[in-house]
Amino acid sequence: MAKSGHTVQTPKAVPMYLQIYEKIRTDIETGAVSVGDSLPSERQLQKLYRVSRTTVQNAYDQLEAMGYVTRHAARGTFVATPPQWPSAVKREASFRCARPWQWMHNTFLEDLMESASRDYTFDFEAGRPDIELFPLTDMQLALEHLFSKKSRDVLLYSPTMGLPVLRQAISEILMPQRGIHDMPAENILITSGAMQAIDLIAKLFIEPNDMVVVAKPTFPGALQRFATQGARIVGIPVDSEGIDVDQLASVVRQRRPSLIYTQPTCQNPTGVTLSPARRERLLRIARDYNIPVVEDDACGFLSSSNTQALRAQDDDVLYVGTFSKLVAPGFRVGYVTAPANIARRLAGVKQVTDLHTGSIGQLLLESWLTMGGLEEHLQRSRDVYRERLRTAVATLRCSHVVPVYPAEDGFYLFCSLPDGFAARALQQRGAERGVIFASGDAFSSDGDLQGHLRLCVSALPPASIRVGLRRLTQIVEEQRAPVTP
Ligand SMILES: Cc1ncc(COP(=O)(O)O)c(C=O)c1O
C-alpha cells in the first residue's frame with residue numbers, strides 16, 4: 001500500500017472506516033498498489049490507524065462490496081482484477097481539490113442515488129415515494145396544457161426567487177396544510193430540492209469550525225453538507241418524543257452553535273415526531289440564544305396526526321420543504337421560507353450557485369397544486385405509507401431486526417441489530433438476494449450506530465415488504481460469525 005501518509009485530512013463527520021476505505025480505494029485506482037497485491041492484514045491496519053477491529057473490518061467489507069478486493073479466510077486480502085472495479089476509469093487525475101471536498105468520492109449519498117435509480121426487488125434503501133402514487137395523469141394534462149398555450153415563457157429563465165405563481169400556490173395551498181397561514185409568497189425561495197435549501201443555509205450561516213447541532217440520528221445529506229462547510233457537528237440523541245431538549249439546552253449554553261438543524265415531524269430516519277412540550281422548549285432555547293433553527297419538513301406532510309410545522313409557532317424558523325416526498329423527487333423542486341431579509345440573502349447565495357430552479361418543473365407543480373387534488377393525494381399517501389409501516393413492524397416482530405422508535409407515519413423505520421452485528425457487513429449478502437437498506441452509521445456524524453439500519457418502506461407494496469423483510473431477517477439469522485469489536 002502507498003506510504004504517502006495515513007493521516008487522512010477529512011472532516012470529522014466522515015466515519016473512520018470510510019476514511020480507510022477511501023485511502024485504499026485511491027491507492028488501488030491510482031495504481032499505487034497493483035492487481036493481485038496483498039493488502040495489509042486487519043491487525044496491521046488496526047495498528048497503523050489506531051482503530052478498532054470492527055472499523056477495519058467495515059473498511060474491508062466496503063472495499064469487497066464495491067469489488068476492489070477479494071478476501072480469502074486463510075491467505076488474506078488482495079487487490080481484485082480491474083473489470084470488477086465499479087469505476088471504468090482506472091487512473092485518476094492528480095489535481096489537488098479544495099480541502100473540504102477532497103474526501104468526496106463514493107459517498108453514502110452517491111450510493112443512495114445510484115440505488116434510487118436502479119431496480120432492486122426489495123429496495124428498502126432509497127427514501128422516495130411509491131411510483132404508483134406519482135400523479136402521472138395530472139402531470140400529463142398539465143404538461144399538455146403548458147405547451148398547448150405555445151407560450152415561450154415556459155422555456156424562459158425564472159427569477160432566482162422562483163416563479164411568482166408557484167410561490168403564491170405554496171403560500172396559499174401548501175403552507176396551510178402545515179398550519180402556516182400567514183406565509184407571504186415574497187418570503188418563499190424556490191430551490192432545487194430541499195438539499196439545495198440546506199446547501200444555501202450552510203453557506204449563509206456556517207463558518208469553518210462553527211458548531212452545528214443536529215439530532216442523532218439524522219439525514220446524512222445535511223451531515224455531509226455541514227461537514228463540508230467545515231462545521232463541527234454535535235448530535236443530540238433522539239427518543240420516542242424526539243430530540244432530547246435538556247441535552248440541547250446544555251450544548252447550546254456551553255458551545256453556542258451557529259445553527260440548529262431539526263426535523264420535528266416524521267424525522268428521517270427515525271419517523272419520530274417532536275412532542276408539543278419539546279417544540280416549545282426548543283424554540284425558547286433558540287430564541288434565548290438567538291440561534292437560527294432550520295426546520296427540515298421533508299416528510300412533515302405525511303403526518304396523519306395533523307401535527308403542525310414548527311414554523312407555525314415561530315416566524316423566525318427557517319422552513320425547508322420539498323416536492324420530492326410529496327409528489328416526485330425527479331422534479332428537483334423544493335423551497336425555503338425565511339424572514340424577508342434572510343430570504344433575500346439566501347436568494348443571493350442561490351444566484352451564484354445555479355441562477356434559478358428549472359422553470360418547467362415549477363410550472364407543472366403550480367398547475368398540479370391549483371388543480372385541487374392535494375388533499376386527496378395527501379390522504380392516500382398517508383394511508384398507503386402507514387399501512388406499509390405497520391406491515392413492516394408486524395413482519396419484524398420476534399426477529400433480531402428491532403425497530404428502535406415507534407414510527408407511525410412517513411417512510412422510515414430505524415432498527416437495531418443483535419450485539420456485535422454491523423449493518424454494512426450484511427449489505428452485500430442482502431444485495432445478492434435483492435434486499436438493500438441503509439446502514440445506521442451514515443446517519444450519525446460520529447460514524448457510530450453501525451449496529452443499526454434504516455429501512456425505507458415507502459417504495460414497496462405490503463406483500464413485497466413481507467417477503468423482503470423475511471429475507472433480511474433470515475440473512476441476520478444465517479450470519480454465523482458476527483463482527484465483534
Ligand atoms: C430529511 C430530508 N431532507 C432533505 C432531503 C432532500 O430532499 P430533496 O430531494 O428535496 O433534495 C431528504 C431526502 O431524502 C430528506 O430525507
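Start at the ligand and colour the residues of its shell by the element they belong to: helix H7, residues 193-205, supplies the largest share, three residues. Keep in mind as you go that this is a predicted model.

**The shell around the ligand**

Next, show the side chains of the 14 residues around the ligand; those that come nearest are Gly193, Ala194, Met195, Thr322 and Ser324. What is the make-up of this shell in nonpolar, polar and charged residues? Eight are polar, five are nonpolar and one is charged.

**Along helix H7**

Now select residues 193-205 on their own, which is the whole of helix H7. From its first C-alpha to its last, this helix of 13 residues reaches 19 Å, close to the 18 Å expected at 1.5 Å a residue. Bring back the rest of the chain and look at how H7 sits within it. Eleven of the 13 residues of H7 are buried, so the helix is largely enclosed by the rest of the structure. To see them, pick Gly193, Ala194, Met195, Gln196, Ala197, Ile198, Asp199, Leu200, Ile201, Ala202 and Phe205.

**A stop at leucine 200**

Stay in H7 and centre the view on leucine 200, which has its place in this helix. Why does leucine 200 count as buried? Its surroundings hold 25 other C-beta atoms within 10 Å, and a residue is called buried when 20 or more lie within that distance. Which residues does leucine 200 contact, once its neighbours within four places in sequence are left aside? Select Thr191, Val336, Leu346, Val349 and Lys350 to display them. Then draw a distance from leucine 200 to arginine 345: the two are 145 residues apart in sequence, yet 9.4 Å apart in space, C-alpha to C-alpha.

**The sheet around strand E14**

Move on to residues 412-416, strand E14, which is mostly covered, with four of its five residues buried. E14 belongs to an open sheet of four strands, in the order E13-E14-E17-E16, with antiparallel pairing. At the edges are E13 and strand E16 (438-439); each has a single partner strand, so one side of each is left without a neighbour in the sheet.

Look at both sides of E14 in turn:

- Strand E13 (residues 402-403) runs antiparallel to E14 and is joined to it by two bridges. Find proline 403 here, opposite cysteine 415 of E14.
- Strand E17 (residues 452-456) pairs with E14 over five bridges, again in the antiparallel sense. Tyrosine 412 faces cysteine 456 of E17 across the pair, while serine 416 has histidine 452 as its bridge partner.

**A sheet with a helix on it**

Now go to an open sheet of three strands, ordered E1-E3-E2 and paired antiparallel. Its edge strands are E1 (38-39) and E2 (69-72), each of which pairs on one side only. Between E2 and strand E3 (residues 76-79) you can trace four bridges, and the two strands run antiparallel. One of the bridge partnerships links valine 69 with valine 79 in E3. Add residues 53-65 to the view: this is helix H3, which packs on the sheet and touches E2 and E3, its direction making about 120 degrees with that of E2.

**Zoom out**

Finish with the whole chain on screen, where there are 15 helices and 17 strands. Of its 485 residues, 47% are buried. Among contacts between residues at least 6 apart in sequence, 73% join residues at least 24 apart.

Methods: Residues numbered from 1 in each chain as written. Predicted model: local features only at pLDDT ≥ 70, side-chain atom pairs only at ≥ 80, totals over all residues. Pairing = 2+ DSSP bridges. Contact = placed C-beta atoms within 7 Å. Axes fitted to C-alpha atoms, helices over the stretch in contact; angles between N-to-C directions. Near = placed C-beta within 6 Å. Nonpolar A, V, L, I, M, F, W, Y, C, P; charged D, E, K, R; others polar. Expected span 1.5 Å × (residues − 1). Buried ≥ 20, exposed ≤ 12 C-beta atoms within 10 Å, placed from the backbone.
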